[in-house]
Amino acid sequence: MCEQHTQLPPYQCTYEGCQMRFTVPSKLKRHEKVHRGYPCKEEDCTFTGKTWTEYMKHKKEQHRLILKCDQCSKVFRDSWFLQQHQHVHSEYAGRPQVPQGQL
Ligand SMILES: [Zn+2]
Ligand SMILES: [Zn+2]
Ligand SMILES: [Zn+2]
């Protein structure tokens, strides 16, 4: 193949180390999103996921939410579980205490 006669598409990606070229600017624009990725929004975190999946995986692994019940200090991974758990406390509060063995 003679390189002199090979016309390269004029729009080259400016991202460092990326050799991608495109014939139209709109395609280049679309491609550039790949490099922008999904930056992590957490404070002090410099991670950028290339894909949404990668970003979510990072979030799960690095910034796993730890929710604590303020009444008994039990720890939950999910706000839904915490909510379910907290019914235990509200039920106790709203119901007169029944001594065990009377039910
Ligand atoms: Zn590129
Ligand atoms: Zn992060
Ligand atoms: Zn609790």
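Two residues are in contact here when heavy atoms of theirs lie within 4.5 Å. Keep in mind on this tour that the model is predicted, with local features needing pLDDT of at least 70, side-chain atom pairs counting only at pLDDT 80 or more, and totals for chains, interfaces and linings using all residues. Residues are numbered from 1 along each chain as its sequence is written, ligands are numbered from 1 in the order in which they are written, and side-chain values use heavy atoms, with hydrogens and water left out.

Begin by selecting His58, which sits in helix 2, residues 52-62 (helices are DSSP runs of H or I with at least four residues, numbered from the N terminus). Beyond its neighbours within four places in sequence, His58 is in contact with Cys40, Cys45, Phe47 and His63.

Next, select the zinc ion (ligand 2), whose protein donors are Cys40 through SG, Cys45 through SG, His58 through NE2 and His63 through NE2, at 2.0 to 2.3 Å from the ion (donors are N, O and S atoms within 2.8 Å of the metal, or 3.2 Å for Na, K and Ca; water is not among the atoms, so sites may look incomplete). Along the sequence, these donor residues follow the spacing C-x4-C-x12-H-x4-H. The arrangement around the zinc ion (ligand 2) is tetrahedral because the 4 donor atoms subtend angles of 102 to 118 degrees, where four donors count as tetrahedral if all angles lie between 85 and 135 degrees.

Finally, colour by accessibility, where buried means under 20% relative accessible area, exposed over 50% and partly exposed in between, with a 1.4 Å probe and protein chains only. Cys40 is buried at 9%, and His58 is buried at 10%.

Definitions and conventions: Tetrahedral: all angles 85-135°; square planar, octahedral: opposite > 155°, others 65-115°. Helix = DSSP H or I, 4+ residues; strand = E, 2+ residues; numbered from the N terminus.
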